[in-house]
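Please walk me through this protein structure. Start with the terms, then move from the overall fold to its strands, charges and cores.

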Amino acid sequence: MKMKRWIGCLCVAMLVLGMSACSKSADEDKPADDGQKTEQVETEQKTDVDLSEVYTLYDTLIQDKKYSVDNYNWQRAVSSDLVTIDRQAALCDINSDGVPELFLMEAVNNHQADLHIYTVKDGETVEMKSDANGSEALLSDVQAGAGVNYVVFTGKDGKFYIYRTSGDSSITYRVCAYTVDGTTLKQEGMLENEYGPSEDNTNEISDEYSRNGKKITVKLGKKLFHESFQNLDKAILFSGYDETSIWSCFDMDSALSVSSDDMIAQLEKGMDD
């Protein structure tokens, strides 16, 4: 009887061991997780990008547009004076595909310059457009009134932002957030602050905030503006710098913007690497 019990226990143990081995073999044969596959493919796609070809296309483009870029000659170093800078161009990858976009401020005439953003698709340079601006420029710097101060930047949240102030007796402050879908910049939100004499009584100051076109309290508006400034990751282009507001969130020399000549040199170096 003892012998039969011993043989029975031995059979059960062998059965358990056999099932364990089968389970391990099945796990080893199982394909890698889909998420790991996706990550590997994305990595391979990024490493396969031929940036020398991209830089060659951008070099041809900026050479063609150099006159209009250089003619934007009222970009300011400091908000409160007329000291100008030549930092009208920048490279920055705003959709994390491994291909940097080319940012250019191009003069339309002697008092207006517009922001243009270019990327490369199917071996050609393509201008990126906003779904919210239609045919209007994403940003214009106009020599009128108190002028325009602006910062074009990427956020720590992965979005792309444009902050601008414009006006004279009344000033408009605005932050627009975008996500990138192919060659389209999709506007995700807009904060706005209108500050100046009241329409009803010029002796009173009006300070109104709105989010996506809907009025919000001053307290919430200030909080949201502050959060958008603190979200700044990389300053791409700017005009005006006063070490307050959003400008306190980055150092002027750390901005990616350079002159057209420096950009051409940067692109030609990339073409040779």
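A salt bridge is a side-chain nitrogen of Lys or Arg within 4 Å of a carboxyl oxygen of Asp or Glu. Lys186 and Asp181 meet this way through their side chains, at 3.2 Å from N to O. The model is predicted: local features need pLDDT of at least 70, side-chain atom pairs count only at pLDDT 80 or more, and totals for chains, interfaces and linings use all residues. Residues are numbered from 1 along each chain as its sequence is written, and side-chain values use heavy atoms, with hydrogens and water left out.

Now the overall picture. The protein has five helices and 13 strands. Both kinds of element are DSSP runs, numbered from the N terminus: helices are H or I with at least four residues, strands are E with at least two. Of the 273 residues, 37% count as buried. Buried means under 20% relative accessible area, exposed means over 50%, and partly exposed lies in between, using a 1.4 Å probe and protein chains only. The protein exposes about 16000 Å², and carbon and sulfur atoms supply 50% of that area. Accessible areas come from the Shrake-Rupley method with a 1.4 Å probe; for residues, only the protein chains shown count as cover.

Contacts tell another part of the story. A contact means heavy atoms within 4.5 Å. Among contacts with a separation of 6 or more, 53% are between residues 24 or more positions apart. Val126, in strand E4 (residues 124-127), offers an example to look at. Val126 and Thr183 are 57 residues apart in sequence, yet their C-alpha atoms are 7.5 Å apart in space. Leaving aside neighbours within four places in sequence, Val126 is in contact with Ile117, Tyr118, Thr119, Lys121 and Thr183. Val126 counts as partly exposed, because its relative accessibility is 25%.

Next, follow the strands. Two strands pair if DSSP finds at least two bridges between them. Strand E8 (residues 160-167) and strand E9 (residues 171-181) run antiparallel and are joined by eight bridges. Phe160 stands opposite Tyr178 in E9. Three residues lie between E8 and E9, and the two strands form a hairpin. E9 also pairs with strand E10 (residues 184-197), again in the antiparallel sense, over eleven bridges. Here Asp181 has Thr184 in E10 as its bridge partner. The hairpin of E9 and E10 has two residues between the strands, and Gly182 there takes a positive phi near 65°.

Asp181 brings us back to charge. Side chains of opposite charge can pair when their charged atoms come close. How many salt bridges does a search of the whole structure find? The search finds eight. In the pair already met, Lys186 is partly exposed, with a relative accessible area of 34%. Asp181 is partly exposed as well, at 44%.

Two further salt bridges sit within helices. Asp70 and Lys66 meet with N and O 2.6 Å apart. They are separated by about one helical turn, because they are four residues apart in helix H3 (residues 51-70). Asp70 is partly exposed at 30% relative accessible area, and Lys66 is partly exposed at 21%. Glu227 forms a salt bridge with Lys223, and the closest N and O atoms are 2.6 Å apart. Both lie in helix H4 (residues 218-230), four residues apart, about one turn of the helix. Lys66, Asp70 and Asp261 are joined into one network by salt bridges that share partners.

What about cysteines? A disulfide is a pair of cysteine sulfur atoms within 2.5 Å. A search of the whole structure finds zero disulfides. Cys92 counts as buried, because its relative accessibility is 6%. Cys249 is partly exposed, at 25%.

Finally, turn to the interior. A nonpolar core is a set of buried Ala, Val, Leu, Ile, Met, Phe, Trp, Tyr and Cys residues joined through side-chain atoms within 4.5 Å. The largest has 24 residues, of which Phe103, Leu115, Val152, Phe160, Ile236 and Leu237 touch the most other members. Several strands each supply at least two residues of this core, including E8, E9 and strand E13 (232-239). Apart from it lies another core of 22 residues, among them Ile85, Phe153, Leu191 and Tyr209. Not counting residues up to four places away in sequence, Phe103 touches residues including Cys92, Leu115, Val152 and Phe160.
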